[in-house]
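Student: I would like a close look at a single part of this model. Please take one residue, its surroundings and the strands around the topic, and go through them in order.

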Amino acid sequence: MDDLHSDPFHGPSGRPPGLPAAPRTAPAVDPRQMSTGRWMWEWTKAVSTAILLFLVVRTFAVEAFKIPTGSMEGTLLIGDFLLVNKAVYGAEIPLTHQRLPAFSVPRRGDVIVFLPPHEPHKNYVKRIVGVPGDTLEMRDKVLYRNHVELAEPYARHTDPLGDPTDPQMDWQLGYLVNRRLTWKTYHPTRDNWGPLVVPAGKFFALGDNRDRSEDSRYWGFLDARAIRGRPMFVYYSFQHDLTEQFDWLTRVRWDRIGEVIR
């Protein structure tokens, strides 16, 4: 039997004498051989990261809302699901009264999501018609801003005969242009009120379905800090029908999906 040949330049291992052995690469881990504990840890990390990202996006960027009433009919319908841009006006930091820097300020004509003064924990959707300093009034359903009649193609009127009064509208007395009017001489109605002036830091919002909307005419001005965001588009919509169990699948309004809100 032949003796193992030894090379004086490379040695028995085939490498020059005195050099360290090359590092061994770890064999690839077969996922099937991963322990149950490690698999659960990796799964937990992935799910936790996804939840964290979802919460961050929902808090500071985009949130989904559903339209439950017809106060914005003509623009938004009952059963519309909206994606709302919360960053545009500066999202509020949770557990603080601070906001992130805004990309824009609320403007006349913006459709907004907000918390009204009489129900500060319930989201409303209306359209801004007055900003700080504006003089507003309505005469026979026609809205005037700074004494100029507004063209409002989005406004809808479904009750041509009625014009009810409401004691909730008495708040307007403190903001009327004519300070000589009193509760005995000022009698606002749904379609006839003002003129009044929007104070600093406040906004006046109306529903597009003017005869079926509870809005600033009744509960007053909207505080700037109560505005949560601006709807971008309809991502899902269906026509509610109590006679059908799966109306959210069978009565989808396909033509409204992707509708940009203006």
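Tutor: Start with Arg256, in what is a predicted model. Its relative accessibility is 13%, and because buried means under 20%, Arg256 counts as buried. Arg256 lies in the segment that follows helix H3 (247–250). Leaving aside residues up to four places away in sequence, Arg256 touches Thr75, Leu76, Leu77, Asp80, Val234 and Ser237.

One of these contacts, Asp80, leads to the sheets, since strand E2 covers residues 80–85. Strand E2 runs antiparallel to E1, and five bridges join the two. Within this pairing, Lys66 stands opposite Phe81 of E2.

Both strands belong to an open sheet of seven strands, whose order is E1-E2-E11-E3-E4-E9-E10 and whose pairing is antiparallel. Strand E1 (62–66) and strand E10 (222–223) stand at the edges of this sheet; each has a single partner strand, so one side of each is left without a neighbour in the sheet. In general, strands of a sheet pair through backbone hydrogen bonds, either parallel or antiparallel.

Now follow the order to its other end, where E4, E9 and E10 come in succession. Strand E9 takes in residues 202–206 and is mostly covered, with four of its five residues buried. On one pairing, E9 is joined by three bridges to strand E4 (residues 124–130), and the two run antiparallel. Here Gly130 stands opposite Phe204 in E9. On the other pairing, two bridges join E9 to E10, again in antiparallel fashion. Lys202 is the residue that stands opposite Asp223 of E10.

There is also an open sheet of four strands, in the order E7-E6-E5-E8, and its pairing is antiparallel. Its edges are strand E7 (148–149) and strand E8 (193–197); each of these has a single partner strand, so one side of each lacks a neighbour in the sheet. Inside this order, strand E5 (residues 135–139) and strand E6 (residues 142–145) run antiparallel and are joined by four bridges. Arg139 has Val142 in E6 as its bridge partner.

To return to the starting point, Arg256 is a buried residue in the segment after H3, and its contacts include Asp80, a residue of strand E2.

Technical notes:
Residues numbered from 1 in each chain as written. Predicted model: local features only at pLDDT ≥ 70, side-chain atom pairs only at ≥ 80, totals over all residues. Heavy atoms only, no water. Pairing = 2+ DSSP bridges. Buried < 20%, exposed > 50% of the residue type's maximum accessible area, 1.4 Å probe, protein only. Contact = heavy atoms within 4.5 Å.
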